[in-house]
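Open the model in your viewer and set a cartoon view with side chains on demand. The stops below say what to select next.

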Amino acid sequence: MSATLHSPLSSAISSSFSLQERKLRLAAQSAKASIIFKPRRYFPLIRASSGSSSSLDTGLSTELDAVTSYSEIVPDTVIFDDFEIFPPTAATVSSSLILGICSLPDTKFRSAVDTALADSKCYGLESSNDRMSCFFNQALVNIGVDLARLVPGRVSTEVDARLAYDTHGIVQKVHKLLELYNEVGVPPERLLFKIPSTWQGIEASRLLESEGIQTHMTFVYSFCQAAAAAQAGASVIQIFVGRLRDWARNHTGDPEVENALRRGEDPGLALVTKAYNYIHKYGHKSKLMAAAIRNKQDIFNLLGVDYIISPLKILQSLKESVTPRDDKYSLIRRLSPQSADSYNFSDEELVKWDQYSFASAMGPAAVELLTAGMESYVNQSKRVEELFGKIWPPPNV
């Protein structure tokens with residue numbers, strides 16, 4: 001696997017580039033489709049938010065009971081060895097998870113990595129880059145298979161961020177991962193493929209979803225990313241609430257962020273609200289996921305969103321907090337299809353997004369946070385490859 005991006009990401013992360021130059025790189029022309037995809041129908045396994053009532057049921061006793069009646073809560077953890085306290089309903093396989101597993105040799109998932117490194121199809125390849133790519137793919141899938149046995153929902157598999165500006169590179173990578181999952185009998189409806197929300201990533205999502213392959217768009221920090229991903233038919237769109245808030249505390253000059261602040265709103269929460277209302281008002285199939293949650297109040301303000309990824313310490317606090325009857329008014333459903341109908345959008349927000357309108361709408365917060373997120377993924381992938389290079393071949397090969 002190449003150690004460099006197949007796109008301008010390595011240049012985009014350089015601080016010497018102006019914002020305009022970086023936005024132009026985000027708008028770099030992707031190759032036109034040269035492959036004809038035959039659509040197949042798969043039916044996603046999704047647990048919908050329950051109920052439309054704005055008050056708590058009388059049988060609920062803790063804050064955790066309350067929030068899980070409105071949104072599906074996914075524990076934010078790297079290693080899943082302890083399922084008893086907060087059993088996960090879904091999981092993500094990523095380079096950071098592989099690094100975590102390799103740092104804990106006694107974890108139940110370590111055998112998935114060792115088996116990948118002993119795969120005869122991989123170590124028979126002559127090119128070291130091809131061999132490393134094969135090991136990496138096999139490790140992701142082996143861990144994903146183990147997780148699919150343990151969680152009732154879907155398993156999301158990270159797509160190499162070095163392909164973030166290569167639409168067909170992303171499609172080919174997903175096809176390869178899906179082929180490996182098919183070989184061991186994991187059905188497509190149990191799988192998502194996690195793709196950075198560049199324009200090229202969103203176009204890859206459009207192509208994959210047309211085949212019935214479910215995509216999970218990540219690093220969404222602006223309305224144009226969320227709306228374009230929804231128009232592409234992405235199955236899951238992930239917004240990082242706390243990261244936008246952190247950016248707003250230390251930076252200025254982003255119109256979308258500053259508009260939210262002028263309204264007295266948190267920019268991360270405002271983006272989730274706006275994206276949710278857009279998806280539901282205009283009939284898009286996407287499910288919305290809120291991540292980078294910083295405190296319980298963030299969860300309370302997002303009740304009704306499809307998925308919330310929450311740190312374990314916040315879940316523990318919710319579990320330990322009893323909800324007296326006279327406090328029920330504070331825990332209401334904030335987001336619902338009914339409330340989405342009354343949300344107003346400007347004409348500029350209701351365009352059919354294309355590559356250049358998308359690039360023009362990307363403010364500095366989205367550009368910088370998207371770039372930083374991809375840089376982190378790239379660095380983690382490089383670390384995995386370096387680690388695999390040190391521990392391969394295993395003793396029995």
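Select Cys-134 first. This is a predicted model, and in it Cys-134 has 17% relative accessibility. Buried means under 20%, so Cys-134 counts as buried.

Now add Cys-122. Its relative accessible area is 0%, so Cys-122 is buried.

Show the sulfur atoms of both residues. Cys-122 and Cys-134 form a disulfide, with 2.0 Å between the sulfurs. Check the dihedral next: the value about the S-S bond is -70°, and the link of Cys-122 and Cys-134 is left-handed. Colour the two helices that hold the pair. Cys-122 lies in helix α6, residues 120–123, and Cys-134 lies in helix α7, residues 128–150. The two cysteines are twelve residues apart and link distant parts of the chain.

How many disulfides does a search of the whole structure find? The search finds one.

Move to two further cysteines. Select Cys-102: its relative accessible area is 14%, and Cys-102 is buried. Then select Cys-224, which counts as buried at 3% relative accessibility.

Zoom out to the chain. Colour by secondary structure: there are 18 helices and eight strands. Colour by burial next: of the 397 residues, 56% are buried. Switch on the surface. The chain exposes about 17,200 Å², and carbon and sulfur atoms supply 51% of that area.

Finish with a contact map. Take the contacts with a separation of 6 or more: residues 24 or more positions apart account for 74% of them.

Key. Residues are numbered from 1 along each chain as its sequence is written. This is a predicted model: local features need pLDDT of at least 70, side-chain atom pairs count only at pLDDT 80 or more; totals for chains, interfaces and linings use all residues. Side-chain values use heavy atoms; hydrogens and water are left out. Helices (H or I, at least four residues) and strands (E, at least two) are DSSP runs, numbered from the N terminus. Buried means under 20% relative accessible area, exposed over 50%, partly exposed in between (1.4 Å probe, protein chains only). Contact means heavy atoms within 4.5 Å. Accessible areas come from the Shrake-Rupley method with a 1.4 Å probe; for residues, only the protein chains shown count as cover. A disulfide is a pair of cysteine sulfur atoms within 2.5 Å.
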